[in-house]
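Trainee: Got a minute? I'd like a quick tour of this one.
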Amino acid sequence: MIAVQAPPNIPNSLSVPANAPEHCPGTDSDLAGKTDACAGCANQDICASGATKLPDPSLPLIRERMSNVKRKILVLSGKGGVGKSTFTAQLGWAFAVDEDIQTGIMDVDICGPSIPTIFGIASEQVHSSSSGWSPVYVQDNLGVMSVGFMLPTSKDAVMWRGPKKNGLISQFFKDVDWGDLDYLIVDTPPGTSDEHLSIVQYLKESGIDGAVLITTPQEVALQDVRREIDFCKKVGIRIIGLVENMSGFVCPNCKTESQIFKPSTGGGRRLAEETGIEFLGAVPLDPRIGKSADYGVSFLDEYPDSPATTAYLDIIDRIKDILGD
Amino acid sequence: MSTVVEDTPVTRRLQSVKHIILVLSGKGGVGKSSVSTQLALNLYSSSPTARVGILDVDLTGPSIPRMFGVDGPQYAVHQSTSGWVPVYADAESGEQRLAVMSVGFLLKKKGDSVVWRGPKKNAMIRQFLSDVRWGELDYLVIDTPPGTSDEHLSLMEHMAGVRSRVSAVIVTTPQAVALMDAMKCLSFTRVVELPVLGLIENMSGYVCPCCGEVSNVFSTGGGEEMARREGLKFLGSLPVDTELVDVLDSGGKGSNEEAREEFSLLSKYRKTATAMIFGGMTDGVISGLGS
Ligand SMILES: Nc1ncnc2c1ncn2[C@@H]1O[C@H](COP(=O)(O)OP(=O)(O)O)[C@@H](O)[C@H]1O
Ligand SMILES: Nc1ncnc2c1ncn2[C@@H]1O[C@H](COP(=O)(O)OP(=O)(O)O)[C@@H](O)[C@H]1O
Ligand code: SF4
Ligand code: SF4
Ligand SMILES: [Mg+2]
Ligand SMILES: [Mg+2]
């Protein structure tokens, strides 16, 4: 039984393989392959030989692919349903307005891929060729990869445990033929678990340019963002800034603004101040955002006059500034 | 008619629990935790002697301590000879009928992240199921993380010995992206043969505070439509309720002038518009459970 007051200690989550037993000391530890936990572990021989202190064999392949990508941006949140996928899509569409910019979107939300629906390409399939899996193109300079393209029907549940998810993510980084990209935007699932650790692990060598954190104004969401900030610090991801989504609802009839999700503890702005990260801006709640996503059309193009469009575009400009683009 | 049940620590521990209800959704942020909280509160008030437990298995994003107003350093789990002692949300009113357990109680400080891969989560869930001293419970509500992955598979695996007492409620919001994930979640329940008590459509329509008109912030009706198509019981829809957000954000903390018969979360919650509607849903859930 574990100590009750403190969560069980794990040495370094990045070096605990997905198939390792509960008390794995970490494959890069001096005890790798030698502790009680190692007895019976499938990796024991490899770990004991010391080979696991060497890097993962897929890493050179990933580095090779990623060398053609200028900027890698993660969209993270901690909490689900706050608008990560929606934001990822707007970022993609906004970048792609410039015909000379190539953008790729990688959806690593394996159990709940929304990216294909938001881009209106849910019925597409991935094709593979000698140079790898080709992304599905929304337009010439905007490619998308998602597990959603690989399922027989959208109703199927992806009931995968961590190792299988990690395997697919590794393939997404190493086998997708993105070509040259100016931006690769990675949409993530909520939480801080296998997917997030894997992204960090696979991109360790090529580097992540930064993460955009998304939240909604209420405390229940902010709690999870605090955890995500803690995670970014632990694994060394640079935080570009925080976006507050669904802050305030402007009624389409009388234009009165009301707070649906009240910032009872000061919202994203206060959280950003407290944690010393940049507050990138607030996007109001606009029912047409949900509708555009459901129909797979670009909200920014369809409703250029919405205050939400202005907010998105200002935030995106600021992100480019911060990245120096 | 005794069937052969695997005798595991989980089976033994859950022997004293009559009904286990999983709250599932597929998509995050649709209101699993708020529905779990409300379901627990409503089951609690369904009878003056009802004993309810709530187990939060959203290990990397636990919301339950906050929603129940028990998230601070003073709320920690204690070890006793017969297991981990849960935190009682109704202790304030001198009772111990509403037991809460969450990984949130194990964290040193707010904002600490729990960065765990699958095997670690699996071990934690097994421990939650086998080591918590719930005592006799009429209902154990389990709040889950989004998706259909490690946590869900582990729950089903470890509860194999008590499966006849386990069922699920699915929560969705009206948008297509949420419904799609709700379908995936339904497929999951079918694959693992988990009975579904019904579907709840949350955040369906918004009653304007100024004119009282219902406007569709996130459209409406998709959940009911899905229930009909899939032959599920539709438990009802809950509107967007800003007061509810407030109550759950603070776990009912703050001034409470009422006479102290109820703990403040319950009395605050009862005043929300949503509480009225949820009562009916709870009846639907209870009738689905049978006896
Ligand atoms: N600002 C907004 N106003 C209205 N609806 C929004 C807004 N942002 C996101 N949504 C809707 O909220 C739901 C959740 O957003 P999504 O991007 O899927 O979140 P996540 O990826 O974080 O789970 C979607 O239906 C989306 O269309
Ligand atoms: N009917 C509702 N009206 C307004 N806000 C709601 C409603 N249901 C849930 N919420 C709020 O939405 C947010 C997400 O809900 P939560 O229960 O945490 O979702 P999940 O557990 O599925 O991630 C919370 O802040 C919650 O208070
Ligand atoms: S053998 Fe390697 S992977 Fe297995 S428990 Fe030991 S260190 Fe961990
Ligand atoms: S804000 Fe309220 S009062 Fe104004 S039109 Fe919209 S629904 Fe009516
Ligand atoms: Mg998403
Ligand atoms: Mg939750």
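Mentor: Sure, one term to start: accessible areas come from the Shrake-Rupley method with a 1.4 Å probe, and for residues only the protein chains shown count as cover. The model is predicted: local features need pLDDT of at least 70, side-chain atom pairs count only at pLDDT 80 or more, and totals for chains, interfaces and linings use all residues. Residues are numbered from 1 along each chain as its sequence is written, chains are lettered from A and ligands numbered from 1 in the order written, and side-chain values use heavy atoms, without hydrogens and water.

Trainee: OK. How much accessible surface does chain A have?
Mentor: About 13000 Å². Carbon and sulfur atoms hold 49% of that.

Trainee: And what about chain B, how much does it expose?
Mentor: About 10500 Å², with 53% from carbon and sulfur atoms.

Trainee: How many residues of chain A are buried, as a percentage?
Mentor: Of its 325 residues, 58%. Buried means under 20% relative accessible area, exposed over 50%, partly exposed in between (1.4 Å probe, protein chains only). In chain B, 64% of 291 residues are buried.

Trainee: Switching topic. Which domains does chain A have?
Mentor: Domain 1 covers 2-53 and domain 2 covers 58-323. Those bounds come from an automatic or database domain assignment. The C-alpha centres of the two domains of chain A sit 32 Å apart.

Trainee: What box does the C-alpha trace of chain A span?
Mentor: About 70 × 55 × 40 Å along its principal axes. For chain B, the C-alpha atoms fill roughly 55 × 45 × 40 Å.
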